[in-house]
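Reader: I'd like to learn how to read cavities and aromatic contacts in a model. Can you walk me through one?

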Amino acid sequence: MTTATAPLNFIKLLAHDVRWGLLKALTVSDLRVQELSSLVNEPMNLVSYHLKKMRQDDLVTTRRSEADGRDLYYSLDVGKLRMLYQQAGHALHPVMSTILPFEPAVTVAHPLRILFVCTHNAARSQMAEALLRNNGSENIAVFSAGNAPTEIHPDTVSTMQALGIPLTGQYAKSLEQFNGQSFDYVITVCDRARETCPTFPGGQQLHWGFADPLNIQNETERRTAFEQIAAQLASRIEYFLTEQQA
């Protein structure tokens, strides 16, 4: 796409009821095609067709489940979506590209309890916990845990330090530590955790999946992956907190 046509093509891509429904679903959680089909109440072949068009324009991405390589998860980069809307607004008129600064969620109906879950509670869920605690409000209690906890990886610490966010008081914890507790949201950040996570009372389960950066052997590539995951988690959390203000 050229610079001139990209904003128009982006708006045209979303000017369809099914694609709009898919987009709204993916702003909340990563999902498989059968789950998306159920949410938009359309047959899977039609949903797959529209997802393909969204993939072709790099609006959504796919990854094979870490738990079951046969399953495909569809994911949306909400930070990139925001950028595309901003570009479309600017193409219409420069003043339309102005986006109000983010304000943490400070007005919610009641205090929220949120649990982030991944396999080892060493990287992804620890970063999510730190980011939400840093950007959230005092009436949001946030925790993280793992199915098979190990210890916080040094790259997790250095990635958060680079963002000015210390991991004070955080350590790797087992899901068993939270047995019997209730949460408003349980957010899995790896596919294995999502497919084995127990049900907690009162909790809505969301999935923001990322490939495990600890599987990357090259140190430079691994650090880059940590930085990218942190940036995408920050965008997800910003959107999530804004939604809590509604």
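Author: Sure, and keep in mind that this is a predicted model. Let's start with enclosed space: the count comes to one cavity of 30 Å³ or more.

Reader: How much space lies in the largest cavity?

Author: About 30 Å³.

Reader: And which residues line the largest cavity?

Author: The lining is made of T27, V28, W208, R236, Y239, F240 and E243. Sorted by type, that gives four nonpolar, one polar and two charged residues.

Reader: Now the rings. How many aromatic pairs does a search of the whole structure find?

Author: Seven aromatic pairs turn up. To read one, look at the distance between ring centres and the angle between planes; over 60 degrees counts as edge-to-face. Take F178 and F183: their centres are 5.9 Å apart with 65 degrees between the planes, an edge-to-face pair. F178 is buried, at 3% relative accessible area, and F183 is buried too, at 2%.

Reader: What about W208 and F240, from the cavity lining?

Author: Their ring centres sit 6.1 Å apart and their planes meet at 70 degrees, so this pair is edge-to-face. W208 lies in the loop between β7 (204-207) and α9 (219-245), while F240 is in helix α9, so the pair ties together parts 32 residues apart in sequence. Both W208 and F240 are buried. They also belong to one aromatic cluster with F116 and Y185.

Reader: Which charged residues lie over the face of a ring?

Author: R113 lies over F183, 4.7 Å from the ring centre. K173 lies over the face of Y171, at 4.8 Å from its ring centre.

Notes:
Residues are numbered from 1 along each chain as its sequence is written. This is a predicted model: local features need pLDDT of at least 70, side-chain atom pairs count only at pLDDT 80 or more; totals for chains, interfaces and linings use all residues. Side-chain values use heavy atoms; hydrogens and water are left out. On a 1 Å grid over the protein atoms alone, a cavity is a set of points where a 1.4 Å probe fits but cannot get out, and a pocket is an open set with protein on both sides within 12 Å along at least five of seven lines; lining residues have an atom within 4 Å of a point. Grid points are joined across faces, edges and corners, and a volume is the space filled by probe spheres set on the points. Ala, Val, Leu, Ile, Met, Phe, Trp, Tyr, Cys and Pro count as nonpolar, Asp, Glu, Lys and Arg as charged, and the others, Gly among them, as polar. Rings of Phe, Tyr and Trp (its six-membered ring) pair if their centres lie within 6.5 Å; planes under 30 degrees apart count as stacked, over 60 as edge-to-face and the rest as tilted. Buried means under 20% relative accessible area, exposed over 50%, partly exposed in between (1.4 Å probe, protein chains only). Helices (H or I, at least four residues) and strands (E, at least two) are DSSP runs, numbered from the N terminus. A charge sits over a ring if NZ of Lys or CZ of Arg is within 6 Å of the ring centre and within 35 degrees of the ring normal.
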